[in-house]
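Please walk me through this structure, starting where the two chains meet and moving on to the sheets.

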Number of protein chains: 2
Amino acid sequence: VARAADLAIGTVSRALNGHDNVSPEAREKVRKAVEALGYQPDILARSLRTRRTRTVGYIVRDITNPLFSTVAYAAEATLERRGYSLVVGNTFDRPEREREIVGAFLSRNVDALILSPNEDEGADIIAKASDLGIPVVALDRESPQPADCVMTEHVDGVKSAVSYLLELGHRRIAIITGSAAVFAGRARLEGFRRAFQERGVPVPEDLCFLGTFTREYGQQVAERLLNRPDRPTAIVCGGTPLLLGLLPVVHALNLSIPEDFSVICCDDIDITRLYRPPITVVRRDMSAIGRAVAELLIERLDGGRSGPGVTRRFPTEVVLRGSCSAPKAG
Amino acid sequence: VARAADLAIGTVSRALNGHDNVSPEAREKVRKAVEALGYQPDILARSLRTRRTRTVGYIVRDITNPLFSTVAYAAEATLERRGYSLVVGNTFDRPEREREIVGAFLSRNVDALILSPNEDEGADIIAKASDLGIPVVALDRESPQPADCVMTEHVDGVKSAVSYLLELGHRRIAIITGSAAVFAGRARLEGFRRAFQERGVPVPEDLCFLGTFTREYGQQVAERLLNRPDRPTAIVCGGTPLLLGLLPVVHALNLSIPEDFSVICCDDIDITRLYRPPITVVRRDMSAIGRAVAELLIERLDGGRSGPGVTRRFPTEVVLRGSCSAPKAG
């Protein structure tokens, strides 16, 4: 480019990188030379100077989970408009893999990270990333400064859903969700308990199952619960993989929803909308959450925001469908 | 590192990069110094020398489609073990966005690309990437040399599925799929036609709908077809988004599967397994396909394979479930 524009290499470099100390004439010369050559600024070479790669790492439990792919889609669409690409790493709930992927992403100089860390490992990983001075957004995790957080009001949503079941007359209500060491598991259990406490009804502690956000755990608990003579009259699945684990057990035992028991699921996916009967859900807007994650990063990367982390909270709403009815007398 | 190991910088660099012309003693010195310093090789600086970024770009219609996220998951799991990360770009079937994302990925020196290009744009995009000398794997697309291809035997699968419907006695069978300019659409239509031709039954050309692989198209065709007095007795959805568009129409019209019409879907996802009745599908192993894509890239990137592109073909199988029955007399 410098040869074609008949300018010093330093001048061309300053012009391409948008520095001020370049005369308008030189800038125009560079622009014409760039056009004529079809030159694309080499992002790699530029990265080494600026220490910026214009990539954002998204470390996710499992990108095949539709909630996480929806966040990836919405975040990527927002980031892409600002010239950032999204690098995806799957951890499948294995803390050691999470740590490895964070390390790999930091070694290749990602500009920022989106994290939903596993349990207690989280704070440490976020602190490590923050030490390197790159922005971190924690998704649905209470996180140490200076990470930004995007949280969901799980407590309110589950509390409303369980209040609705109590109003219908249910008392033997079970909840299946992830570990209490993860915000979503802890908050959903909290919402479950509060609904009982508000009505002065004892919390059925023996029907609270906190394990992992996996199909396997959903299936395992469903097999225990649905074979009991005193089967619960309603089950809250605190996470869509748990519902996906429960439904095959329902079919295998030839049970019917809501005739044999009512079901509510946290989060709305194709299967909750299209199942017969459609499943009552605690819904949140995952696309809006994905956009918010990207916007928080862009504010820090390009907008100059610095300082303490901010938290954006997203509401949940209960969407009533055909999977709930009053419990059978008995 | 060089100072700590008391060696020349060139020696350290050669040792870190695994060159042969370094003495075992020097290599050991470097290893110890690296350990003591907690040094992580700076992938970015190394990238500029090697022109390698150890990233693979995956350009995908929509990562929220479970087939594509399954490919991403399987490919990432395989690539990650070899030190590569997966960068994802969504195009949502917009050819201009596809072109932009390929450009953005090439500008940032991805080492390889995984592409399922849109229609006729494809050959051109693959040629452009190949000109830059980076490996390209085309996913379910017939592609120009030297790209490698991972293809699915859609013709066989749909032919078997439609033969099964013909055996059950169906004649007014509809197919809804994507454009004939895309391999999957073209091949599924071909399989549909062959099943009729083999039995000497005329192909119901008025029931062949080739549009886009989207829910919107599935819904639009379902609304036309299911409101007709001479409703087809069976519908083949050539792509899961088309089934996801059809099912809400079935529910809105209060129709029952298979009593009112039979359904077969190409590809097996949660909804086809868990729907009541479960949906008969033409299945392929998307995880195996994702792994194959990654392996083809690794062979070229790290294994030294060069030369003309190779094609790996994956079979399909029909999985019979409750969504098909003989047509009602009439």
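How many residue pairs are in polar contact between chain B and chain A? In this predicted model, the count is 16 residue pairs, with both residues at pLDDT 80 or more. On the chain B side, the elements that each supply at least two residues to the surface touching chain A are helix H4 (43-50), helix H5 (66-81), strand S2 (85-90), helix H6 (95-107), helix H11 (240-252) and helix H12 (270-274). H5(B) gives the largest share of that side, 7 residues. Sorted by class, the side of chain B that touches chain A holds 22 nonpolar, 15 polar and 12 charged residues.

Now let's look at the contact as a whole. It draws 49 residues from chain B and 48 residues from chain A. The size of an interface is often given as the accessible area lost when the parts come together. Here about 4,100 Å² is buried between chain B and chain A, and carbon and sulfur atoms give 56% of that area. Charged groups take part too: there are 6 salt bridges between chain B and chain A. In one of them, Glu80(B) pairs with Arg97(A), and the closest N and O atoms are 3.0 Å apart.

The two chains also join through their strands. Strand S2 (residues 85-90) of chain A pairs with S2(B) in the antiparallel sense, over 3 bridges, and Val88(A) has Leu86(B) as its bridge partner. Follow the strands outward from there and you can trace an open sheet of 12 strands with mixed pairing, in the order S11(A)-S5(A)-S4(A)-S3(A)-S1(A)-S2(A)-S2(B)-S1(B)-S3(B)-S4(B)-S5(B)-S11(B). Strand S11 (311-314) of chain A and strand S11 (311-314) of chain B stand at the edges with a single partner strand each, so one side of each has no neighbour in the sheet. From one strand to the next, the twist averages 20°. Within the chain A part, strand S4 (residues 136-139) and strand S5 (residues 148-152) pair in the parallel sense over 3 bridges, with Asp148(A) in S5(A) as the bridge partner of Val137(A).

Chain A has another open sheet to explore, with 6 strands in the order S7-S6-S8-S9-S10-S12 and mixed pairing. Its edge strands are strand S7 (208-211) and strand S12 (317-319), each pairing on one side only. Strand S10 (residues 280-283) of chain A pairs with S12(A) in the antiparallel sense, and there Val281(A) stands opposite Val319(A). Finally, helix H8 (residues 154-168) of chain A lies across strands of chain A including S9 (262-266), running at about 170° to S9(A).

Note on methods:
Residues numbered from 1 in each chain as written. Chains lettered and ligands numbered in written order. Predicted model: local features only at pLDDT ≥ 70, side-chain atom pairs only at ≥ 80, totals over all residues. Heavy atoms only, no water. Contact = heavy atoms within 4.5 Å. Buried area = accessible area lost by both parts, 1.4 Å probe. Salt bridge = Lys/Arg side-chain N within 4 Å of Asp/Glu carboxyl O. Polar contact = N/O pair within 3.5 Å; in protein donor to acceptor, adjacent residues only side chain to side chain. Helix = DSSP H or I, 4+ residues; strand = E, 2+ residues; numbered from the N terminus. Nonpolar A, V, L, I, M, F, W, Y, C, P; charged D, E, K, R; others polar. Pairing = 2+ DSSP bridges. Axes fitted to C-alpha atoms, helices over the stretch in contact; angles between N-to-C directions.
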